[in-house]
Amino acid sequence: MSQEGFNSAAVPLCAEDVQGDGRWKSLHSRFVLDCKDKEPDVLFVGDSMVQLLQQYEIWRDLFSPLHALNFGIGGDTTRHVLWRLENGELENIKPKVIVLWVGTNNHEHTAEEVVGGIEAIVQLINVQQPQAKVVVLGLLPRGEKPNPLREKNAEVNLLLKRSLLKFPNMQFLNVDAEFVHSDGTISHHDMFDYLHLTQIGYAKVCKPVYDLLVQLLEETPEEKQATLA
């Protein structure tokens, strides 16, 4: 953690327009418009792992029928997602489930700080969308061979399992799917660049996500109250 407990991973940040094409802000504006035009039951929010999912048939086969929206932007950190959600991407909609998948791009932050950033997003969702159940997906391993970033992502997952228990209507889902082989390598058949998933990789990840979403969507308020009683 930074000095005096300050954690920049939990501070909203508008992405810098490095390329000069305004793409990030344009995507954000489109998402805000989607909130006004559509009524999703499921909302996916995160970085490129979320964004690229929409390009594969598995999105149309599994998640579109669940009335899902995809608010993923490549390169986003916890800070960028926090900024987007604070600036219109949670307005005018009332999803039943929100799926959050972010953190692997927080290169400047420690595992503890990444977890703090994810917690800040979950807290914001709880305030702005109290009816929504939140599913936080674990970070995937990365790199063809063992490396520090892979170790950090694994540490984030371990910390998330414990820290997110304190939040209402929250579930942590580890979607590792045994991507790391016994020799410590990851196959390009699962991750084409050893970070982003192929169609085969997404198939491994999305089945448990879909099963959990169906379970959560089918749970009626009455069943929920009975469970809590």
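**Salt bridges, cores and voids in the predicted model**

The side chains of Arg84 and Glu89 meet in a salt bridge, with 2.8 Å from N to O. The model is a predicted one. Both partners are buried: Arg84 has a relative accessibility of 0%, and Glu89 likewise has a relative accessible area of 0%. A second salt bridge joins the side chains of Lys133 and Glu219, at 3.0 Å from N to O. Lys133 belongs to strand E4 (residues 133–137), while Glu219 sits in the loop between helix H7 (199–218) and helix H8 (221–228). The pair therefore ties together parts that are 86 residues apart in sequence. Lys133 is buried, at 12% relative accessible area. Glu219 is partly exposed, at 29%. Salt bridges with shared partners also link Asp76, Arg84 and Glu89 into one network.

Across the whole structure, the search returns 7 salt bridges. One of them pairs Lys38 with Asp34, whose closest N and O atoms are 3.7 Å apart. Lys38 counts as partly exposed, with 40% relative accessibility. Asp34 lies in helix H1. Its relative accessible area is 13%; the cut-off for burial is under 20%, so Asp34 is classed as buried. Beyond residues up to four places away in sequence, Asp34 touches Leu69 and Phe71.

The same kind of search, applied to cysteines, gives 0 disulfides in the whole structure. Cys35 is in no disulfide, and the nearest cysteine sulfur, that of Cys14, is 17 Å away. A disulfide requires two cysteine sulfur atoms within 2.5 Å. Cys35 is buried, with a relative accessible area of 1%. Cys206 is buried too, at 2%.

Arg84 also belongs to a helix with little exposure. Helix H4 spans residues 78–86, and 8 of its 9 residues are buried, so the helix is largely enclosed by the rest of the structure. The buried residues are Thr78, Arg79, His80, Val81, Leu82, Trp83, Arg84 and Leu85. Their cover includes two helices, H1 (23–37) and H5. Strands contribute as well, including E1 (42–46), E2 (68–72) and E3 (97–101). After H4 comes Gly88, which has a positive phi, near 110°.

Attention now turns to nonpolar packing. The largest nonpolar core comprises 39 residues. Ile118, Val122 and Val136 have the most contacts inside this core. Helix H5 (residues 111–128) gives the most to the core, with 9 residues. Apart from this core lies another, of 33 residues. Leu66, Leu137, Leu173 and Val205 are among the residues of that other core.

The surroundings of Val136 can be listed in full. Residues up to four places away in sequence are not counted. Val136 touches Leu100, Ile118, Val122, Leu160 and Leu164, together with Met170, Gln171, Phe172 and Leu173. Ile118 and Val122, two of these contacts, stand with Val136 as the residues with the most contacts inside the largest core.

Two kinds of void were also examined. The count of cavities of 30 Å³ or more comes to 1. The largest cavity holds about 70 Å³ of space. Its lining includes charged residues, Asp47 and Arg142. Met49, Trp101, Val102, Leu139, Leu140, Pro141 and Leu195 also line the cavity. Thr104 and Asn153 complete the lining.

The largest pocket contains about 270 Å³ of space. Its lining is made of 14 residues. Of these, Ala15, Glu16, Val18, Arg23 and Trp24 lie nearest the pocket centre. Helix H1 gives the most to this lining, with 3 residues. H1 thus appears in several parts of the description: the helix holds Asp34, is part of the cover over the buried residues of H4, and helps to line the largest pocket.

Notes:
Residues numbered from 1 in each chain as written. Predicted model: local features only at pLDDT ≥ 70, side-chain atom pairs only at ≥ 80, totals over all residues. Heavy atoms only, no water. Buried < 20%, exposed > 50% of the residue type's maximum accessible area, 1.4 Å probe, protein only. Salt bridge = Lys/Arg side-chain N within 4 Å of Asp/Glu carboxyl O. Helix = DSSP H or I, 4+ residues; strand = E, 2+ residues; numbered from the N terminus. Core = buried A, V, L, I, M, F, W, Y, C linked by side-chain atoms within 4.5 Å. Contact = heavy atoms within 4.5 Å. 1 Å grid on protein atoms, 1.4 Å probe; cavity = no way out; pocket = protein on both sides within 12 Å on 5 of 7 lines; lining within 4 Å. Points joined across faces, edges and corners; volume = space filled by probe spheres on them.
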